[in-house]
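Here are three short exercises to work through with the model open beside you. Try each task before reading its solution.

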Amino acid sequence: MTVKENLRPGGRSARVQASVHKAVRELMAEMSRADVTIPLIAGKAGVTPSTIYRRWGDLQQLLADVAVDRLRPDMQPVDAGSGKADLQAWAEQYAEEMSSGPGREMIRDVLAAQAGANACKCAEFTRQQIGVIAERAKARGEVFPDVERVMDQVVAPIIYRILFGDVPATRRVRDLVARVMSATD
């Protein structure tokens, strides 16, 4: 089951989603993830469990939806003066945030959901961030690699290392960025 899309933004559905997401975040801060249940979330959010089941289907889908919402960037990538510097600053921050305890939990929640739509949303957030960096570089007259090349040669190795327990070192991230940028020279 997938999360229902195209709901009225600001109507009852938006209020329910905001309330349920807030309840999930608060409960996750208060107790072990294994102890969080749909009835507990519903009680804290002021909705019935059937509302949650109807909208999200199961706990894992709900956790994935909350994780996607938290993974949505809330600002543009830093403008460090050049495409390479922008990408390096973004990649270092991305690696640090995603390899943190909460970052790893969010990645696991997104990937554990039955539907792949949430993972696709996260990948699209990342593509958009890299796209901003690429457009800025091009506006400066710089050569910048294709967004998909950056996804494959910078983002994918970072995520792989995070998923399999190895926190990507800053030097490793810088090497990935240098390699993808040198391929465009």
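UniProt annotations may be inferred rather than shown by experiment, and the model you see here is predicted.

**Exercise 1. Find which residues the UniProt annotation "domain: HTH tetR-type" covers, and describe that span.**

Solution. Start with the record: the unreviewed UniProt entry places this domain at residues 14-74. Next, look at the secondary structure of residues 14-74, which is 75% helix and 0% strand. Finally, take the C-alpha atoms at the two ends of the span; they are 19 Å apart.

**Exercise 2. Work out how many disulfides the structure holds, using C120 and C122.**

Solution. First, recall that a disulfide is a covalent bond between the sulfur atoms of two cysteines. Here the cut-off is a pair of sulfur atoms within 2.5 Å. The cysteine sulfur closest to that of C120 belongs to C122, and because they are 9.3 Å apart, they are too far for a bond. C122 likewise takes part in no disulfide, its nearest cysteine sulfur being that of C120. A search of the whole structure gives a count of zero. Now compare their surroundings: C120 is exposed at 53% relative accessible area, whereas C122 is buried at 15%.

**Exercise 3. Locate F164 and decide whether it is buried or exposed.**

Solution. Begin with the position: F164 sits in the loop between α8 (147-163) and α9 (170-182). Its relative accessible area is 59%. Exposed means over 50%, so F164 is exposed. Then look at its partners: F164 joins L111, Y160 and L163 in a nonpolar surface patch. Together these residues have about 460 Å² of accessible area.

Notes:
Residues are numbered from 1 along each chain as its sequence is written. This is a predicted model: local features need pLDDT of at least 70, side-chain atom pairs count only at pLDDT 80 or more; totals for chains, interfaces and linings use all residues. Side-chain values use heavy atoms; hydrogens and water are left out. Patches are made of residues with over 30% relative accessible area and no salt bridge: like charges are joined within 9 Å, nonpolar side chains (Val, Leu, Ile, Met, Phe, Trp, Tyr) within 5 Å. Accessible areas come from the Shrake-Rupley method with a 1.4 Å probe; for residues, only the protein chains shown count as cover. A salt bridge is a side-chain nitrogen of Lys or Arg within 4 Å of a carboxyl oxygen of Asp or Glu. Helices (H or I, at least four residues) and strands (E, at least two) are DSSP runs, numbered from the N terminus. Buried means under 20% relative accessible area, exposed over 50%, partly exposed in between (1.4 Å probe, protein chains only).
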